[in-house]
Amino acid sequence: MKKQDIHLGHIESLRAIAALMVLIFHFISFEDPKGPLVSNESVRKYSEFGAQGVELFYLISGFVIYYSLSKGVYGFKHYPKYLLKRITRIFPPFWGIILLICLAPLMWDWPFPYSANQVVQNATLTVDLFGNTEWMNPIFVTLKVEFMFYLIIGLLVVVMKRNDWSYGIIVFSSLVAAYYFCSFDLAHNIPFFLIGIVCCEIYKTRQIVLNYCLMASCLLFLCLFFPVEDLVISLIGVVFLLWIPITNRAFRFTGQFSYSLYLTHGFSGGLFLTYCKNQKGVDWNPWVYIVLAVIGSLVFAYCYFLVIEKRAMGWSKGIRY
């Protein structure tokens with residue numbers, strides 16, 4: 001198997017693992033006014049590591065987006081089309097889940113909990129910019145961070161490709177910015193994107209000594225200023241990106257619709273668990289509910305991928321530099 005083939009397969013597999021980590025964490029920590037689904041506090045506590053799947057997604061994005069932009073003829077003049085490709089790829093599936101979230105109260109005859117401003121600000125990822133509404137789903141914050149990264153890397157990569165000095169200075173300066181502006185969402189998560197970028201350069205066997213030094217700087221930064229679980233998930237990501245490629249067919253298949261799974265699991269699985277917990281006379285083991293929620297979420301996400309996300313992927317691929 002060629003290295004390029006392994007690259008494509010193991011990236012998809014790693015995406016699947018990241019999405020499943022977040023999904024399982026959310027289902028184990030699920031609770032409603034009646035209380036938590038899983039009452040064991042130790043289990044709930046250990047499941048919190050699944051939230052690090054978000055950081056793993058950031059690391060993967062740093063690798064994939066940088067890989068895509070640095071290998072071709074991409075330049076400043078291509079930036080508008082690059083943004084259009086990203087918007088076309090990301091937003092239609094995102095808007096689809098917002099529509100479903102808005103329709104759910106109407107379908108079950110619940111009070112509609114969202115204002116028009118809240119829906120618009122969520123749909124445009126500008127909730128934090130205005131500060132007068134709340135996110136309809138906490139995972140939307142991570143999409144905001146992702147899109148901010150897209151906005152910036154589309155410009156910086158042109159300079160980073162010029163020579164090794166430009167590349168090294170920008171990576172190290174970004175790490176310094178993460179320290180001084182850590183209160184901002186993007187700056188706080190810069191180290192994860194940077195690790196993905198550095199992994200990409202190591203993967204392409206470019207300036208190995210420089211990039212291992214930058215990798216060590218990023219990991220040391222996490223060790224000093226971040227919780228230990230952030231360092232652990234970053235090390236796991238590096239190992240699976242560079243040295244132990246996962247090419248399992250099930251993971252690779254799931255990775256193809258991991259974005260849909262990430263977007264929809266709170267909706268599909270959350271509705272299922274809410275329904276189960278409110279059924280009188282039904283008191284199954286919580287793990288039965290969780291397993292069924294995982295299976296249902298996977299099926300729903302794959303259907304969502306076929307109907308919505310796959311179309312968005314086709315539209316995005318049709319935009320060429």
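**Figure 1. The loop at L125 in the predicted model.** L125 sits in the loop that runs between α5 (116–123) and α6 (127–130). The model is predicted. The residue is not a glycine, yet its phi is positive, at about 60°. Most residues other than glycine have a negative phi. L125 has a relative accessibility of 10%. The cut-off for buried is under 20%, so L125 counts as buried.

**Figure 2. The salt bridge between R89 and E309.** The closest N and O atoms of R89 and E309 are 2.7 Å apart. The pair links distant parts of the chain. R89 belongs to helix α4 (residues 79–107), and E309 belongs to helix α14 (residues 286–317). In sequence the two are 220 residues apart. Both partners, R89 and E309, are buried.

**Figure 3. P93 and its contacts.** P93 is placed in helix α4, the helix that also holds R89. Its relative accessible area is 0%, so P93 is buried. Leaving out residues up to four places away in sequence, P93 touches Y259, L263, Y304, I308, E309 and A312. One of these, E309, is the salt-bridge partner of R89. Another, I308, is 215 residues away from P93 in sequence. In space the C-alpha atoms of P93 and I308 are 6.0 Å apart.

**Figure 4. The salt bridge between D185 and K144.** The closest N and O atoms of D185 and K144 lie 2.4 Å apart. D185 is in helix α9 (residues 185–203), and K144 is in helix α7 (residues 139–160). The pair therefore ties together parts that are 41 residues apart in sequence. Salt bridges that share partners join D128, K144 and D185 into one network. How does burial fall across the D185–K144 pair? D185 is partly exposed, with a relative accessible area of 30%. K144 is buried, with a relative accessible area of 10%.

**Figure 5. The salt bridge between E12 and R15.** The side chains of E12 and R15 meet at 3.5 Å, N to O. Both residues lie in helix α1 (residues 3–28). They are three residues apart, about one turn of the helix. E12 has a relative accessible area of 22%, which makes this residue partly exposed. R15 is partly exposed as well, with a relative accessible area of 23%. The structure holds seven salt bridges; among them are E12–R15, R89–E309 and D185–K144.

**Figure 6. Y262 and its contacts.** Y262 is part of helix α13 (residues 258–277). Y262 is buried, at a relative accessible area of 5%. Residues up to four places away in sequence are left out of the contact list. Y262 then touches V22, V54, F57, I139 and T142. V22 falls within helix α1 (residues 3–28). I139 and T142 fall within helix α7 (residues 139–160). C223 is 39 residues from Y262 along the chain, and their C-alpha atoms are separated by 28 Å.

**Figure 7. S234 and its contacts.** S234 is found in helix α11 (residues 228–242). Its relative accessible area is 1%, so S234 is buried. Which residues does S234 contact, leaving aside neighbours within four places in sequence? They are L59, F192, I195, L219 and L222. F192 and I195 fall within helix α9 (residues 185–203). A123 is 111 residues from S234 in sequence, and the C-alpha atoms of S234 and A123 are 30 Å apart in space.

**Figure 8. The whole protein, for orientation.** The protein has 14 helices and two strands. Its C-alpha trace spans about 65 × 45 × 40 Å along the principal axes. A compact globule of 321 residues would have a radius of gyration near 20 Å, and the protein agrees, with 20 Å. Buried residues make up 50% of the 321 residues. Among contacts with a separation of 6 or more, 76% join residues 24 or more positions apart. The exposed area is about 16200 Å², with carbon and sulfur atoms supplying 66% of it. The protein has 25 positive and 18 negative side chains. The centres of these two sets lie 15 Å apart.

How values were computed:
Residues numbered from 1 in each chain as written. Predicted model: local features only at pLDDT ≥ 70, side-chain atom pairs only at ≥ 80, totals over all residues. Heavy atoms only, no water. Helix = DSSP H or I, 4+ residues; strand = E, 2+ residues; numbered from the N terminus. Rg over C-alpha atoms; globule rule 2.2 N^0.38 Å. Buried < 20%, exposed > 50% of the residue type's maximum accessible area, 1.4 Å probe, protein only. Contact = heavy atoms within 4.5 Å. Areas by Shrake-Rupley, 256 points an atom, 1.4 Å probe, with all protein chains shown as cover. Lys, Arg positive; Asp, Glu negative; His and termini not counted. Charge placed at Lys NZ, Arg CZ, Asp CG, Glu CD. Salt bridge = Lys/Arg side-chain N within 4 Å of Asp/Glu carboxyl O.
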